[in-house]
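Colleague: I'm new to this one. Could you walk me through it?

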Amino acid sequence: MKLSRQFTVFGSAIFCVVIFSLYLMLDRGHLDYPRNPRREGSFPQGQLSMLQEKIDHLERLLAENNEIISNIRDSVINLSESVEDGPKSSQSNFSQGAGSHLLPSQLSLSVDTADCLFASQSGSHNSDVQMLDVYSLISFDNPDGGVWKQGFDITYESNEWDTEPLQVFVVPHSHNDPGWLKTFNDYFRDKTQYIFNNMVLKLKEDSRRKFIWSEISYLSKWWDIIDIQKKDAVKSLIENGQLEIVTGGWVMPDEATPHYFALIDQLIEGHQWLENNIGVKPRSGWAIDPFGHSPTMAYLLNRAGLSHMLIQRVHYAVKKHFALHKTLEFFWRQNWDLGSVTDILCHMMPFYSYDIPHTCGPDPKICCQFDFKRLPGGRFGCPWGVPPETIHPGNVQSRARMLLDQYRKKSKLFRTKVLLAPLGDDFRYCEYTEWDLQFKNYQQLFDYMNSQSKFKVKIQFGTLSDFFDALDKADETQRDKGQSMFPVLSGDFFTYADRDDHYWSGYFTSRPFYKRMDRIMESHLRAAEILYYFALRQAHKYKINKFLSSSLYTALTEARRNLGLFQHHDAITGTAKDWVVVDYGTRLFHSLMVLEKIIGNSAFLLILKDKLTYDSYSPDTFLEMDLKQKSQDSLPQKNIIRLSAEPRYLVVYNPLEQDRISLVSVYVSSPTVQVFSASGKPVEVQVSAVWDTANTISETAYEISFRAHIPPLGLKVYKILESASSNSHLADYVLYKNKVEDSGIFTIKNMINTEEGITLENSFVLLRFDQTGLMKQMMTKEDGKHHEVNVQFSWYGTTIKRDKSGAYLFLPDGNAKPYVYTTPPFVRVTHGRIYSEVTCFFDHVTHRVRLYHIQGIEGQSVEVSNIVDIRKVYNREIAMKISSDIKSQNRFYTDLNGYQEEEKKSVSYPSLLSHITSSLMNHPVIPMANKFSSPTLELQGEFSPLQSSLPCDIHLVNLRTIQSKVGNGHSNEAALILHRKGFDCRFSSKGTGLFCSTTQGKILVQKLLNKFIVESLTPSSLSLMHSPPGTQNISEINLSPMEISTFRIQLR
């Protein structure tokens, strides 16, 4: 009978869609004018008005029918999910989970065949230097190179500069970590503010002096406390070329562990601050301290409008190889770029460090003698035992010759006679005296060198762009012949090693708790940005002053900056001191709480039926997020929703740009619970136990789980209440190696041994586990194939050498050792209608494997999660290892910032299914409940801002409200940032359950939004600094594969 009802409703749905389509075709027939090419676009004004009215009418009908069809589709899904799978083959209910409840036919993504060409055509064959090949050319034998320990002896002929003099740019800089050994605020108080203050005074003393600065987080903090005279002085120094802002991001970010969302966001925050406060647009990138370098960062700088960049921390053997082949300056091109649109000219510093002893030339013993802060009597000297000398007429000749010799030797590593010599270090130029010591001594050397024609040198202080401008000029002659003198390079610069076997891969996993908090913060910030902008436009429309005058935008800005600060290369990496990490964590924690408020307030306004009643409610206490974290170092806990006979609203937000069917789980106060859709239809519910400990069931909380169908970027409303007539499904439990008393609610089976074996299954896969609860085998039901999937835990110790594994380095004591447990782990198996799982409890790890009985990606996936506690373990690291019988042919894939993937043998791309699975994990649904019952409150059934899902390969990176040009408030514009993902079509997309397709990167603007009208949409550079020539409104968005593009959008 249920199956019959299902087909009846499904047939009705198809009938409605067909009738509606015929109506549209017939209605449009009245509007079709003769297609005379000479007359197209020249209708009389009256006919145009009639046409516009018809279009408006059809759009309204389309929106209404979309909602009807959505409700019908929900009904079909609910009916299909209520159909039983049929008799189980197992003899026991405990040996097998409930089957998935699917639509009558498996849904597949509709992929345009043209979209499959990208992965097969793109590659790195268009570059001169491919990092995938370089490592096979390097011997890694690390011989002693003489004064340049990691390099080789450099010689030159004295007449090499007779026809073209050596041009040297000495670039003073100060590297200011926004937190490392001290907190951000402490560094600013003790160091950075004095650097800025002295900079304004000392640069004004001599127009030949130059300086560069990169971290906008510090500049912004100083800007807030200085007077107008200092601000004008800074602007003047920038205008006359003495001061240059390089990169211009909020921080100098790490390039391995951040996600590209956060890299973009901190870049936008810095560039927008510069535009609004100083009116400057950075031209060149400066990254001297990140621990390895990613092509993702090169791409983002290119898209932001920067034309040059500099990097420093690259494996010493790679630097030596590049120096030998004079490829330290190159055009960095993305692996997937078949042309040259992603090229950015990059300079790689050749020596060990960015400090003064390692930047003037190959011999640090000599270069240190030209760091005049180390003069005798200072706080520190040169470790090579020879101190600097103050420059005076009696020694200027010998000292100039000595320094010039280093410059000449360094220049031999490059293809032009234009040389960069950085002059700085960490927190340099903090003291008034150092400005005089460095600038006055160097100016005497410059004056002497420039006066001696026999030296064949032109030397000066310069900014980074001064150097790159001269480099471009030197390359002009070659470019006029059709080819640059600089090679094209593709690939990344990981993993970094500064000496010996000191590979800086330890920071990839250091302090993982805060790395996880970073990803949660990113997801919450993105959700808050999108909901806030939609709510802001609705507030403008309905003149809701309470929302418009709120401090939400100020709080949103602070959250952006706290996330940006955490991308610093000593923050997200986990390499700062403990108290500094606590400071970062506290900032993230407070911003998470603020973002929850923004999400709740914005969602409330959008879902409220009568917008004009918004002011009468207290929205900050109305919608409460599902999870609450009590402190910066604690795991989040679920709130318990107190139930009664009076229905409570549960609002679920889908942050993805695709229509989505996902599991929603919340804690409630009673097991007798009912869940209804907004239209009053009952929703199937699984009730599971909440475990206070591994073997203790809570008597005050119960978990309910149900399937929610949520529109893209939309909100869906459900009602929950306590009811004696509840027909929810209780989960069953099997416990191994422990005993739990029957709770009186759930069926619990205590097992002494696991001879029967442990299995989980749904309609897609069957999993087998050993007696410890660890997975050993997987069977895919579609083809009936069995795959060995062996999960185990291992220990890594650390080397007995002086340098050990730590926050930066991974120096193990050999291969991983098996994780040995003293007592067999307690294993708990859950079987439920909506999900089933196996949880095992080891001394240091709680390991869980879950299967969902749901259609689509979540049903096809195996979810693995771990809670690890090794706080009482010293100098040991724990790892989860998954071994399989997959023939990988020794292929090794690495992720680059969630943006691209590199196989260490060739270029490759994830499947579309992989991309979407990653998005589901990064952006889970967000449940919100009202804190109290309100009989007068009326909410809409759903809020659906998009007309339909975006194409499956296009991701909405952000919809970021732009700051007003006046003051710190919001404007009416937002930055719409879209990413079209490159994917490989060879992996099947069958049964994804997604209602989207691919469209060769095309989106019609008029078909984008449902609740709003696009007033303007104009292309922009990534960080909003530049607009293309002749920028005007566009009616169609066109994205190439892998492209990230920003548009200025204004809605009403």
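Modeller: We'll take a sheet, a helix pair and a few backbone details. This is a predicted model, where local features need pLDDT of at least 70, side-chain atom pairs count only at pLDDT 80 or more, and totals for chains, interfaces and linings use all residues. Residues are numbered from 1 along each chain as its sequence is written, and side-chain values use heavy atoms, with hydrogens and water left out.

Colleague: Sheet first. What is the strand order?

Modeller: The order is 40-41-45-43, in an open sheet of four strands with antiparallel pairing. Strands (E, at least two residues) and helices (H or I, at least four) are DSSP runs, numbered from the N terminus. Two strands pair if DSSP finds at least two bridges between them.

Colleague: Which strands stand at the edges?

Modeller: Strand 40 (954-963) and strand 43 (1014-1020). Each has a single partner strand, so one side of each is left without a neighbour in the sheet. From one strand to the next, the twist averages 25°.

Colleague: How many bridges join strand 41 and strand 45?

Modeller: Seven, between residues 970-980 and residues 1044-1051. Alanine 974 stands opposite isoleucine 1049 of strand 45.

Colleague: Which helix lies across strand 40 and strand 41?

Modeller: Helix 17 (residues 552-566), at about 120° to strand 40. Axes are lines fitted to C-alpha atoms, for helices over the stretch in contact, and angles run from 0 to 180 degrees between N-to-C directions.

Colleague: And how does helix 15 pack with helix 17?

Modeller: Helix 15 (residues 512-542) packs at about 150° to helix 17, and their axes are 11 Å apart. The two are therefore roughly antiparallel (angles over 145 degrees).

Colleague: Which residues of helix 15 and helix 17 meet?

Modeller: Among them are Tyr514, Met521 and Leu525 in helix 15, and Leu556, Arg560 and Phe566 in helix 17. Contact means heavy atoms within 4.5 Å. By class, this contact has 11 nonpolar, no polar and four charged residues. Ala, Val, Leu, Ile, Met, Phe, Trp, Tyr, Cys and Pro count as nonpolar, Asp, Glu, Lys and Arg as charged, and the others, Gly among them, as polar.

Colleague: New topic. Where is the cis peptide bond?

Modeller: From phenylalanine 494 to threonine 495, with omega near 0°. Threonine 495 is in the loop between strand 11 (488-490) and helix 15.

Colleague: What about the phi of asparagine 897?

Modeller: Asparagine 897 has a positive phi of about 65°, although it is not a glycine. It lies in the loop between strand 36 (893-896) and strand 37 (900-903).

Colleague: Is asparagine 897 buried or exposed?

Modeller: Buried, at 1% relative accessibility. Buried means under 20% relative accessible area, exposed over 50%, partly exposed in between (1.4 Å probe, protein chains only).

How values were computed: Angles under 35 degrees count as roughly parallel, over 145 as roughly antiparallel, 65 to 115 as roughly perpendicular and the rest as oblique.
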